[in-house]
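User: Please take a close look at one part of this model, namely its charged pairs and the strands and core around them. A connected explanation for a first-year student would be welcome.

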Amino acid sequence: QVQLVESGGGLVQPGGSLRLSCAASGSIFSINGMGWYRHAPGKERELVAVITSGGSTNYPDSVKGRCAISKDNAKNTVYLQMNSLKPEDTAVYYCNALIRTTRWAYEYDYWGQGTMVTVSS
């Protein structure tokens with residue numbers, strides 16, 4: 001009943017930029033936080049950025065200063081602006097959201113299907 005749909009991935013040269021989008025739809029009462037994770041071959045899933053319902057953000061050192069997460073509450077959409085991309089940023093990027101479907105429901109983690117980002121010359 002809740003869907004997260006990512007878009008914006010693709011092939012980019014080192015030093016380039018990409019903007020990922022993730023739109024949440026369906027039965028949504030509230031979203032407590034949204035974020036982006038990535039999973040590269042042979043590596044564990046890694047947090048890229050999170051943004052709380054209040055707008056606070058957090059980034060790991062690996063992307064700090066190069067990535068910016070933002071959201072549009074009216075559209076239930078979160079964005080990830082990635083600049084100065086490096087080959088090691090190559091991964092499948094997943095959107096995550098902590099969503100309450102009704103006033104009385106528990107919050108659950110929802111995930112998108114992933115979008116591939118390839119940084120290569």
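Is Asp61 buried or exposed? Please begin there, and then go on to the other charged pairs and their surroundings.

Analyst: The model is a predicted one. Within it, Asp61 is exposed, for its relative accessible area is 66%, and the limit for that class is over 50%. Asp61 forms a salt bridge with Lys64, and the closest N and O atoms of the two are 3.5 Å apart. Lys64 falls in the class of partly exposed residues, at 49% relative accessibility. Other salt bridges share partners, and these join Arg38, Glu46, Arg66 and Asp89 into one network. In general terms, side chains of opposite charge can pair when their charged atoms come close. A search of the whole structure gives 5 salt bridges, and the pairs of Arg38 deserve a closer reading.

Arg38 meets Glu46 through their side chains in a salt bridge, with a distance of 2.8 Å from N to O. Arg38 also meets Asp89 in a salt bridge, where the N to O distance is 2.9 Å. The position of Asp89 is in the loop between β8 (77-82) and β9 (91-100), whereas Arg38 is in strand β4 (residues 30-39), so this pair ties together parts that are 51 residues apart in sequence. The residues involved can also be described by their accessibility. Arg38 is buried, with a relative accessible area of 7%. Asp89 is likewise counted as buried, at 2% relative accessibility. Glu46, by contrast, is partly exposed, at 29%.

The strand that carries Arg38 has a partner of its own. β4 and β9 pair in the antiparallel sense over 9 bridges, and within this pairing Tyr94 in β9 is the bridge partner of Tyr37. Tyr37 also has a charge above its ring, as the charged end of Arg45 sits over that ring, 5.4 Å from its centre.

From β9, the pairing continues to two further strands. With β11, β9 pairs in the antiparallel sense over 3 bridges, and Thr115 in β11 is the bridge partner of Tyr93. With strand β10 (residues 107-111), β9 is joined by 5 bridges, and the two run antiparallel. Trp111 in β10 is the bridge partner of Asn96. β9 and β10 form a hairpin, with 6 residues between them.

The next topic is the nonpolar interior. In soluble globular proteins, nonpolar side chains tend to be buried together. The largest nonpolar core here has 29 residues, and the members that touch the most other members are Trp36, Leu80, Met82 and Tyr93. Two or more residues of this core come from each of β1 (2-7), β3 (18-26), β4, β5 (46-52), β7 (67-72), β8, β9 and β11 (115-119). The element that gives the most is β9, with 5 residues.

Leu80 offers a view of the surroundings of one core member. Neighbours within four places in sequence being left aside, Leu80 is in contact with residues including Leu18, Leu20, Trp36, Val48, Ile69 and Tyr93. Arg19 is also among the contacts of Leu80. Arg19 has a second role in this picture, since Arg19 lies over the face of Tyr79, at 4.1 Å from the ring centre. As for aromatic rings that pair with one another, the search of the whole structure finds 1 aromatic pair.

Two loop residues complete the account. Most residues other than glycine have a negative phi. Asn76 is not a glycine, yet its phi is positive, at about 50°. The place of Asn76 is the loop between β7 and β8, and this residue is partly exposed, with a relative accessible area of 25%. Ser84, also not a glycine, has a positive phi of about 50°. Ser84 lies in the loop between β8 and β9, and counts as partly exposed at 42% relative accessibility.

To return to the opening question, Asp61 is exposed, whereas Arg38 and Asp89 are buried.

How values were computed: Residues are numbered from 1 along each chain as its sequence is written. This is a predicted model: local features need pLDDT of at least 70, side-chain atom pairs count only at pLDDT 80 or more; totals for chains, interfaces and linings use all residues. Side-chain values use heavy atoms; hydrogens and water are left out. A salt bridge is a side-chain nitrogen of Lys or Arg within 4 Å of a carboxyl oxygen of Asp or Glu. Buried means under 20% relative accessible area, exposed over 50%, partly exposed in between (1.4 Å probe, protein chains only). Helices (H or I, at least four residues) and strands (E, at least two) are DSSP runs, numbered from the N terminus. A nonpolar core is a set of buried Ala, Val, Leu, Ile, Met, Phe, Trp, Tyr and Cys residues joined through side-chain atoms within 4.5 Å. Contact means heavy atoms within 4.5 Å. Two strands pair if DSSP finds at least two bridges between them. Rings of Phe, Tyr and Trp (its six-membered ring) pair if their centres lie within 6.5 Å; planes under 30 degrees apart count as stacked, over 60 as edge-to-face and the rest as tilted. A charge sits over a ring if NZ of Lys or CZ of Arg is within 6 Å of the ring centre and within 35 degrees of the ring normal.
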